[in-house]
Amino acid sequence: MTRYADIPKPIRSGIVVVNPDTGTPQRIIVLQFNPDTLERSVAPQSAGDSGDSGSGGTGSGDRNEALRLKGPAQETWKFTAEIDATDQFEVAAPDGIHPQLATLEMLVQPTVAQLRAASKLSQKGAIEISPIEMPLTLFTWGSKRVMPVRLTELSVNESAFDVNLNPIRASLSIGMKILTVSDLPAGHRGADLYMAHLAQKERLAAAARGGGLGSLGLSGSGFGTGTRTGTGTGSNVVFGRG
């Protein structure tokens, strides 16, 4: 009998809903299939953004602020998730994938109890009603990417149904914004989790393989105002293979 080497069980990506006060997970949503691709966008919060008019530097911004940052970069993620009840015959699904879809949709919906509480305050003549606060949501993509997020997009394409018209297969386009210390109040658990996420980025950047100016066709001892070029100080990084 042929035996195969033990194959490690793949890590799944997912979403964890956390109580921001206690840090206790309230719900764990494991994606059935890891997305094939991820679309990420990282936009710096530059203090000199107003001076970048896209016309060769003719903007009216303060040139002294061109290299300054106002805060962490704004990062967004987009991916497509698949849910297929026919791939899980061993799991009873009398409602199809309605429960999985509803769980994701409730990440961007207040509960009935919260809406009723707000309605009662309005009926009592409350002048100002605070917006409903949702639980803290974390997106996990392996151990090196655990970050607080807010869902910004949830588009569902249902493509197959059972005899009772319960959806049994769907494709979901999910967009999310990484919440930074600029988005959360000081002391919020999500702010601490973002700082841990950023620290992980710093560790990964420090582990990048170093390179030299010679690979770029440059030489010299420093970047001055003349025509010489050089290595200066600091770390060097090579992207891809040398």
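**Exercise 1. Find what stands opposite Trp-77, then place the pairing in the sheet.**

Trp-77 sits across from Met-176 in S7. Next, the strands: S4 (residues 69-84) and S7 (residues 167-178) pair in the antiparallel sense over nine bridges. Pairing here takes at least two DSSP bridges between two strands, and strands are DSSP runs of E with at least two residues, helices runs of H or I with at least four, both numbered from the N terminus. Now zoom out: the open sheet has seven strands in the order S2-S1-S5-S6-S7-S4-S3, with antiparallel pairing. S2 (25-30) and S3 (39-46) are at the edges with a single partner strand each, so one side of each has no neighbour in the sheet.

A word on the model: it's predicted, local features need pLDDT of at least 70, side-chain atom pairs count only at pLDDT 80 or more, and totals for chains, interfaces and linings use all residues. Residues are numbered from 1 along each chain as its sequence is written, and side-chain values use heavy atoms, leaving out hydrogens and water.

**Exercise 2. Work out whether Ser-46 is buried or exposed, and list its contacts.**

Start with its place: strand S3. Its relative accessible area is 14%, so it counts as buried (under 20%; exposed is over 50%, partly exposed in between, 1.4 Å probe, protein chains only). Skipping neighbours within four places in sequence, Ser-46 touches Arg-68, Leu-69 and Lys-70, where contact means heavy atoms within 4.5 Å.

**Exercise 3. Say what follows H2.**

H2 covers residues 112-123, 12 residues in total. Just after H2 comes Gly-125, with a positive phi of about 90°.

How values were computed:
Expected span 1.5 Å × (residues − 1).
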